[in-house]
Structures are given as C-alpha cells and as structure tokens.
Amino acid sequence: MSGVRTAAADLRRLAVRDLRREVRILDGLIVNTALPVIIMVLFVYVFGGAITTGSSGLAYIDFVVPAVLLMSGGYGAALTAVNIAEDMTGGMIDRFRTLPIGAWAVPAGHVVASVIRNVAACGFALVAAIVMGFRPDATLADWALVLALVAGYVLAMSSLAVLWGLVVKSVQAAGAFSFVVLFLPYLSDGVVPAETMPGVLRDFAYNQPVTPIVETLRALLLDVPMGSSGVVAAVWLAGAVAVSAPIAALLFRRRTSA
C-alpha cells in the first residue's frame, strides 16, 4: 500500500507540473481552446448554409458539433507529443533521473494532464455550441456516457501522442502529429456526410475510428439511433490505448536508459 501511495503521489505531482506548464504558456492555451471554436463558427455560419446533412436530416450545427468536440480534445491531446519530446531533448529527463520517482510516471503524468486539460477544452467548445444554437436532447445517463467517450478519445490520442513523441527525435517532428489528429475528423462522417464523398474517400471515412465515435456522440446528444457504432467506438479506443501504452513505456525505458 505504501508503494501504491508513493506511485500515486509521483503521478499527481508530474500531472500538476504539466498542467502548470500549459497555464504559463498563455498563447498556446488560447490557441488550443479557441481554434476548434473558430472552426465551428466558420463551418456553421460560412459553409453551413451550403452543406446538406444527407439522410440524417439534422440541422448542420447539430450534425457538426460532435466532430468539433473531437477536434477540440484531439488537437490538444496530440500536442502531448510536443511536451514529451521537449522533456526528452531538453535535459529534463536527466533531472528526473536524480529524483526517487518511477520512470513510468513521467509519460503517464503527461497523459493524465492531457486528459484533464482537453476534456475541459471540450466543455468550453460545447458551451460555445449551445450559445450558437446547438440544443442537445440527452439524459443524465447520456451525458455521463458522452463524458466517458470524450475522455476515452482524449486518452487514446494522448497515448498515441506520447508514443509518437518518443519515436521522433525532434520537437518539430513531434508537432506534426497534431495536424494528423486535427484533420482526421474532416475525412469522417463528422463535418460532411460520408455518403456524399467519392468512392475511396467514402470507404476510408466509413472504416476509420473517428466515424463511429462521432456517430455515437450524435446518438447520445441528439437521441438518434446508435446502431453498432458505440461498440465499434469502444473497441477502437480500447485497442489504441492497449497497443500504444505498453509500446510507449518500452520506448521510454530504452531511451532513458541509453
């Protein structure tokens, strides 16, 4: 029990350290929070009048908000790659080696801080959507599932980001992961109906992980049929964490012991 308490304390301190660092970088915090909202404003008020939502029959703002939530959480989570790369290349790991903390707590601290920070950013994006006219029809249980799904998505993207940040050798290369995660919802059923896309893109959109997650969020928030999307989304997210977390731990041990 003493070892568990010590490990929990190490994880808490490192997560708080990462959160404090993000708060101090005010311009980055504003960009991470405001960018998805700006994208939502652009699509709803500039392009929304020209975009149909296909067989869903939803108003465009109702159609696009789930994708914006994933953009908000995913973009910030992807920047975890930059944070871990900065630690690996800036000498911070050498300082951590002198402290009596578990090595696993360093990447885990980045992931925990990312989940807290980016779930909060998703909440800000949701409030902005409601101000713009989004009217969810979710029960208390639905909201709990929405929170769990968004947190699971951020957890998966943060774990993958840590893995990417350990694979690459520079902070600049680590930053490339954020662009992949930010634009992945565009090639899904999140921004425009996948049924309107040409053949290859349509097949990719239907079979990539963001589409079932978006469809599950729509079902929970708007009380529309979910089908099998909830199970598929859970499998995608659990698989991403189950694969990336142990590989990232192995890479971190190898790089810090070299």
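Biologist: Where does S188 lie in this predicted model?
Modeller: S188 lies in the loop between α8 and α9 (199-207).

Biologist: Why is S188 called buried?
Modeller: Buried means under 20% relative accessible area. S188 has a relative accessible area of 0%, so S188 is buried.

Biologist: What makes the reach from the S188 side chain to P185 a polar contact?
Modeller: The cut-off for a pair of N or O atoms is 3.5 Å. The S188 side chain reaches the backbone oxygen of P185 at 2.6 Å, so the pair is within that cut-off. The S188 side chain also reaches the backbone nitrogen of G190, at 3.0 Å. That value is within 3.5 Å too.

Biologist: Which residues is S188 in contact with, leaving aside neighbours within four places in sequence?
Modeller: M197, A205, Q208, V210 and T211.

Biologist: How do you know that the span of α11 is close to the expected one?
Modeller: α11 has 29 residues. The expected span is 1.5 Å times one less than that number, which means 42 Å for α11. From first C-alpha to last, α11 reaches 42 Å.

Biologist: Which residues of α11 are buried?
Modeller: They are S229, G230, A233, L237, A240, S244, A248, F252 and T256.

Biologist: How many residues are in the largest nonpolar core?
Modeller: That core has 67 residues. Those with the most contacts inside it include M40, V65 and F134. Among the elements giving two or more residues are α2 (26-47), α3 (60-78) and α11 (229-257). The largest share, 13 residues, comes from α3.

Biologist: What does V65 touch, not counting residues up to four places away in sequence?
Modeller: V65 touches M40, A129 and F134.

Technical notes
Residues are numbered from 1 along each chain as its sequence is written. This is a predicted model: local features need pLDDT of at least 70, side-chain atom pairs count only at pLDDT 80 or more; totals for chains, interfaces and linings use all residues. Side-chain values use heavy atoms; hydrogens and water are left out. A nonpolar core is a set of buried Ala, Val, Leu, Ile, Met, Phe, Trp, Tyr and Cys residues joined through side-chain atoms within 4.5 Å. Buried means under 20% relative accessible area, exposed over 50%, partly exposed in between (1.4 Å probe, protein chains only). Helices (H or I, at least four residues) and strands (E, at least two) are DSSP runs, numbered from the N terminus. Contact means heavy atoms within 4.5 Å. A polar contact is a pair of N or O atoms within 3.5 Å; within protein, one must be able to donate a hydrogen and the other to accept it, and residues adjacent in sequence count only if both atoms are side-chain atoms.
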